[in-house]
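Please find below a short note on the structure, set out as numbered points. It treats the pockets, the enclosed space, one loop residue and the cysteines in turn.

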Amino acid sequence: MKKIDKLVTAPHFYTMEGEGVGYRTASAMAINCGKILEVGPVEYMLKEYAPQEIIDLPHHMVLPGLIDGHMHTACNIMRGLAQDTNNWMMFGLQPFDNAVTDEERDAGSRVAVLEAIRAGTTTLGDYESKMDNVCSFIEKVGARGNIAQTIRAAKRRVYQPGELYEFDDEMGEESLQRNIQLYDKWHNQAGGRIKILFGPQGADFVSPEMLLKIQKIVKERRTKIHMHVQQGDRETYQIEKRYGKRPTAFLDELGYLDSSLIAVHLTDCTDEEAAHIARKGASMIVNPGSIGIIDGIVCPSVAFQEAGGYVALGSDQAPGNNCHNIINEMKNVALFNKIKYGNPEVMPAWRALRMATIEGAQAIGLGDSVGSLEPGKQADFIAIDLNCPSMLPVYTYPMRNMIPNLVYSARGPEVALVAVDGEIIMRDGVFTKVDQQEYLSAIPQYPDEIGHRAAEEFFQIDGTNARFMREGKL
């Protein structure tokens with residue numbers, strides 16, 4: 001018998017092998033040194049391996065850990081402050097974003113990370129301007145980070161509709177250098193759990209020269225560009241006014257559409273533009289809940305997939321989406337596309353699950369190490385408690401209903417266990433490496449001060465939510 005660290009047993013495994021969901025019944029998974037050795041029938045595995053620990057999950061299904069491809073966890077301190085408004089970034093978010101301190105952002109970020117893990121996320125694709133403390137917390141909690149740092153030359157102020165951004169190239173260069181420093185400090189750290197990407201905020205926020213400089217640095221370091229692409233009609237307007245073409249055509253002429261690019265949103269892309277980006281070799285992250293709330297748009301992820309591209313799911317930010325829960329995003333991407341196409345067969349539950357696991361991992365450049373439960377991959381996995389009301393009853397014949405129930409019924413508390421590199425980091429709502437309450441109890445001290453600092457600009461802008469406040473609707 002082979003001595004190993006752990007053997008995980010459960011009645012249902014979804015390995016995500018092949019082109020479906022890789023279902024296995026009455027199986028066990030052997031783990032050693034943080035990696036998966038084998039998934040096989042329980043009886044065989046118990047004869048083959050001598051584990052130091054057996055993790056028995058008698059009424060659960062085991063899945064790969066979920067991938068959240070695109071997050072802004074620092075915005076979590078502003079949760080719920082920017083919905084139901086047009087010109088979301090400038091008229092909704094900006095008054096509060098201008099008022100928040102770095103300390104407050106870090107406090108919100110930590111709670112967002114815990115929220116995501118609690119709902120089954122093991123890989124967090126976070127993105128913001130100052131990410132050192134986020135990397136430290138992800139390392140501490142035991143999760144996996146795919147981290148980008150914002151590179152931006154557009155001055156931070158409220159721009160009126162139709163006003164072109166004012167560039168400060170010195171500010172852009174400074175933010176690029178901070179991204180390089182983050183890469184040098186954190187890339188492949190925490191036992192390889194943290195990867196650093198480069199994050200130009202968008203083609204409209206930096207110059208073409210800066211975009212090409214970033215691309216050169218990324219290819220030299222063999223990492224990825226994580227960038228908002230054709231994020232909305234605002235970006236399209238900026239690029240057309242500056243360069244006389246739409247963002248996709250602009251980036252294509254610049255030589256930017258290749259396998260080093262992870263394109264986020266594609267909100268204002270046509271199906272043809274999305275397909276073109278996919279065929280060029282880039283990948284996509286779709287954030288259905290966020291863009292549905294802040295733009296009322298279903299992004300062209302289906303067209304991207306049909307052109308052969310990989311698409312990951314993302315939760316984006318809490319001021320507009322309100323949660324960091326990839327189970328919720330699986331339902332959103334399935335539901336919204338069924339409505340968009342008027343076809344209940346579009347985006348079935350199993351495809352949404354692949355976007356949250358193996359296809360999501362492939363989209364963000366981690367498909368060789370996570371996203372499926374296969375020999376040689378890192379042992380990132382979660383267990384869903386099938387005794388939860390939202391998962392009952394369980395059918396296995398003539399069809400299995402566990403994946404549809406996960407996607408359309410579950411909300412997050414069904415996640416009973418979360419493990420990264422074979423180490424349990426959350427079980428039954430309790431985090432094993434940090435005290436959750438310490439970080440939750442730190443939050444109530446901040447909202448009153450943030451609100452008072454933001455109030456003057458909030459009421460001066462007089463957006464939708466200011467009106468709702470006057471009318472007693474909030």
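1. In this predicted model, helix 7 (233-243) provides the largest share of the lining of the second largest pocket, namely 4 residues. Helix 2 and helix 10 (288-295) also supply at least two residues each to that lining. The volume of the second largest pocket is about 480 Å³.

2. Which residues lie nearest the centre of the second largest pocket? They are Asn87, Trp88, Asp233, Arg234 and Asp295, out of 21 lining residues. By class, the lining of this pocket comprises 10 nonpolar, 7 polar and 4 charged residues.

3. The largest pocket has a volume of about 560 Å³. Two or more lining residues come from each of helix 2 (88-97), helix 3 (102-118), strand 7 (121-128) and helix 5 (169-186). Of the elements, helix 2 gives the most to this lining, with 5 residues. The student may therefore wish to trace helix 2 in the display with particular care, since helix 2 gives at least two residues to the lining of the second largest pocket as well.4. How many residues line the largest pocket? There are 28, and those nearest its centre are Asp97, Glu128, Arg152, Arg156 and Gln201. The lining of the largest pocket is made up of 7 nonpolar, 11 polar and 10 charged residues.

5. Apart from the pockets, the structure holds 1 cavity of 30 Å³ or more. The largest cavity has a volume of about 40 Å³. Its lining consists of Leu81, Thr85, Phe91, Gly92, Phe458, Gly463, Thr464, Asn465 and Ala466. By class, these residues are 4 nonpolar and 5 polar, with no charged residue among them.

6. Which element gives the largest share of the lining of the largest cavity? It is helix 18, with 3 residues. Helix 18 spans 464-470, and both this helix and helix 2 supply at least two residues of the cavity lining.

7. Asn401 is found in the loop that runs between strand 14 (381-385) and helix 15 (402-408). Is Asn401 buried or exposed? Its relative accessible area is 12%, so Asn401 counts as buried, the limit being under 20%.

8. The surroundings of Asn401 can be described further. Leaving aside residues up to four places away in sequence, Asn401 touches Pro393, Val394 and Tyr395. With Tyr395 there is also a polar contact: the side chain of Asn401 reaches the backbone nitrogen of Tyr395 at 2.8 Å.

9. The next matter is the cysteines. A disulfide is a covalent bond that joins the sulfur atoms of two cysteines. The structure holds 0 disulfides. For Cys135, the nearest cysteine sulfur is that of Cys75, 16 Å away, and Cys135 is in no disulfide. Cys135 is buried because its relative accessibility is 0%.

10. Cys299 is likewise in no disulfide. The nearest cysteine sulfur to Cys299 belongs to Cys269 and is 8.7 Å away, whereas a disulfide would require the two sulfur atoms to be within 2.5 Å. Cys299 has a relative accessible area of 4% and is therefore buried.

How values were computed. Residues numbered from 1 in each chain as written. Predicted model: local features only at pLDDT ≥ 70, side-chain atom pairs only at ≥ 80, totals over all residues. Heavy atoms only, no water. 1 Å grid on protein atoms, 1.4 Å probe; cavity = no way out; pocket = protein on both sides within 12 Å on 5 of 7 lines; lining within 4 Å. Points joined across faces, edges and corners; volume = space filled by probe spheres on them. Nonpolar A, V, L, I, M, F, W, Y, C, P; charged D, E, K, R; others polar. Buried < 20%, exposed > 50% of the residue type's maximum accessible area, 1.4 Å probe, protein only. Polar contact = N/O pair within 3.5 Å; in protein donor to acceptor, adjacent residues only side chain to side chain. Contact = heavy atoms within 4.5 Å.
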